[in-house]
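Okay, thanks for squeezing me in today. Let me put the thing up on the screen, and then I'll talk through what I pulled out of it.

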There are 2 protein chains.
Amino acid sequence: MEAKLPSFDSVFSIDCVIFGFEAGELKILLIERNEEPFKDWLALPGYIVEQDESIDDAAERILYELTGLRDLHMQQFHTFGEVNRHPQGRVITVAYYALIRINGQKELRPITQYARKAFWHPVNELPKLAFDHSEIFKTAFGKIRRRLNYQPIAFELLPEKFTLTQLQSLYEAVENKKLDKRNFRKKMLSYGFLKELDEKQKGVSYRAAKLYKFDRRRYAKIFHNDMNIDK
Amino acid sequence: MEAKLPSFDSVFSIDCVIFGFEAGELKILLIERNEEPFKDWLALPGYIVEQDESIDDAAERILYELTGLRDLHMQQFHTFGEVNRHPQGRVITVAYYALIRINGQKELRPITQYARKAFWHPVNELPKLAFDHSEIFKTAFGKIRRRLNYQPIAFELLPEKFTLTQLQSLYEAVENKKLDKRNFRKKMLSYGFLKELDEKQKGVSYRAAKLYKFDRRRYAKIFHNDMNIDK
DNA sequence: AGATACTGTGTGAAAATTACACCATTAAAT
DNA sequence: ATTTAATGGTGTAATTTTCACACAGTATCT
């Protein structure tokens, strides 16, 4: 059985850690593998880079093929290069992350046979994953936890129009602690990159909250190019 | 001529951006290549990863072979994977950086023939480098500029015993701006991880300054594991 | 009409950041 | 011995930022 599998001398692969936020919980996208090794295991969406595509392009393609998702802005965050991380040979993997809105509409549907299905799974209570994917996830989570406080990544996880309470609960989920409502609002609004809309939340059985959206243009103006690293 | 060169299907390489600080200037380590392609060009120390070594191990080995330097704590910071970044084929490179004390004693002396020599070069006024090494350098510089404000990396560039003025001038060099002496000192000392020594600077023709050293133990205690990302 | 569940708001205390200028000390030059 | 050149070392007040903390308002459901 094992003998049938090819062995690799030197192969690049990509693995993707895609975060989403739903029902107050932070989740990641997993696939159920349909291919040896680790057939039937849960894993991060990941596959091998082709000869004629850049790693950024490969990341997009691979994620699409395994989950049906496209056009996310993924960012490389670490490369894993232990000798024995893949049972068939030498495979170095470049890991990417992205944050996206979980959208009931967008169906998760693997295009290739390599994945049997793709689905969201809460980041708490993650099962054991194939290869070194648990470690890859952990590294990714650490990165976004930090980045949340520097970069406007929270807005990628929320619907385009969101309430301040939703925004706060996202921060609370990622940082795993309660924040003070008044201080949180004051601070967020003080940045000046949230645009207050004339709309309100709908379909809630309590007072409807105002909706906001993230204003990329104002953000860019305020923080010039890059970031507010040194005020 | 070109025909003699092997062509690669899929190869991993490592490139190293090694920062040093000397005479108030930030410098990086370059080599003069002695091998095609880009023979005679200046380049970052870099070479190909072997089958049976992890990328971290490869980084150490390669830096040693090309420069004679060992036992630095290098950190991976980005992987460059454009299709045509190497003229002979598909080469993905994992880039590492380190910060070290430039030490007159430690001779820079390539072990292999691939480099003709290795030397320090100021980061301002860098010449054109081989491959995409200019871009790699730029990315590295951006990283450490940010990291300087979060992580105790400045001390890796200074001699073990240093004066506060030296420390300040390092910050000034990296951030490229003047800082206020009193505020700088107040802040640095307030962190509580600098240990004041009973020694003074020697051999200067003006009032000798007190020497300090970075106290790793205190630092770890103050900032627990990781960092002060969210106070 | 009342229960429920969330929205939305202000103030004062404490801490951190910023701006700012002068005398002290040493070695070298005269 | 005196001067000069160069850097070392120090404090305070104004401003800004962060933090802790509680309650009335409003929409919906019954």
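So, what is the mean pLDDT of chain A? I start there since this is a predicted model. The mean for chain A is 91, and 94% of its residues reach 70 or more. There is one stretch to flag: residues 226–231 of chain A have a pLDDT below 50, and in the model that stretch has 7 contacts beyond near neighbours in sequence. You know the rule here: where pLDDT is low, the predicted coordinates should not be read in detail.

Okay, the two protein chains. How many degrees of rotation superpose chain A on chain B? The answer is 180 degrees, with 0.0 Å of shift along the axis and an RMSD of 0.1 Å. The two copies are thus related as by a two-fold rotation axis.

Now, how do they meet? We have 23 residues of chain A in contact with 23 residues of chain B. On the chain A side, β1 (8–22), β5 (75–80) and β6 (89–101) each supply at least two residues. The largest share comes from β1(A), with 4 residues. If you sort that side of chain A by class, you get 7 nonpolar, 8 polar and 8 charged residues. And 100% of the interface residues of chain A are also interface residues in chain B, so the copies meet through the same surface.

On to the DNA. Which residues are closest to strand C? They are T165(A), R182(A), Y206(A) and K210(A), plus R207(B) from the other chain, out of 21 residues that surround the strand. In terms of elements, α4 and α5 of chain A and α5 of chain B each give at least two residues to that surface. By class, the surface near strand C has 5 nonpolar, 5 polar and 11 charged residues.

Then flip over to strand D. Of the 21 residues around it, the ones that come nearest are R207(A), T165(B), R182(B), Y206(B) and K210(B). The elements giving two or more residues there are α5 (181–191) of chain A, along with α4 (164–175) and α5 (181–191) of chain B. The class count near strand D is 5 nonpolar, 5 polar and 11 charged.

Let me zoom in on that helix pair in chain A. The axes of α4(A), residues 164–175, and α5(A) come within 11 Å and cross at roughly 105 degrees. The two helices are therefore roughly perpendicular to each other. From α4(A), the contact uses L164(A), L167(A) and Q168(A), while α5(A) brings K181(A), F184(A), R185(A) and M188(A). By class, that contact has 4 nonpolar, 1 polar and 2 charged residues.

Last bit: backbone oddities, for those of you who like checking torsions. Most residues other than glycine have a negative phi, and most peptide bonds are trans. Here, though, a cis peptide bond joins E36(A) and P37(A), with omega at about -10 degrees. P37(A) is in the loop between β2 (25–33) and β3 (42–43) of chain A. In chain B, the bond from E36(B) to P37(B) is cis too, with omega near -10 degrees, and P37(B) is in the loop between β2 and β3 of chain B.

And where is E125(A)? It is in the loop between β7 (115–122) and α2 (133–147) of chain A. I bring up E125(A) since its phi is near 55 degrees, a positive value in a residue other than glycine.

That's what I have, so over to you.

Notes:
Residues numbered from 1 in each chain as written. Chains lettered and ligands numbered in written order. Predicted model: local features only at pLDDT ≥ 70, side-chain atom pairs only at ≥ 80, totals over all residues. Near = placed C-beta within 6 Å. Nonpolar A, V, L, I, M, F, W, Y, C, P; charged D, E, K, R; others polar. Axes fitted to C-alpha atoms, helices over the stretch in contact; angles between N-to-C directions. Parallel < 35°, antiparallel > 145°, perpendicular 65-115°, else oblique. Contact = placed C-beta atoms within 7 Å. pLDDT = per-residue confidence, 0-100. Least-squares fit on C-alpha atoms with pLDDT ≥ 70 in both.
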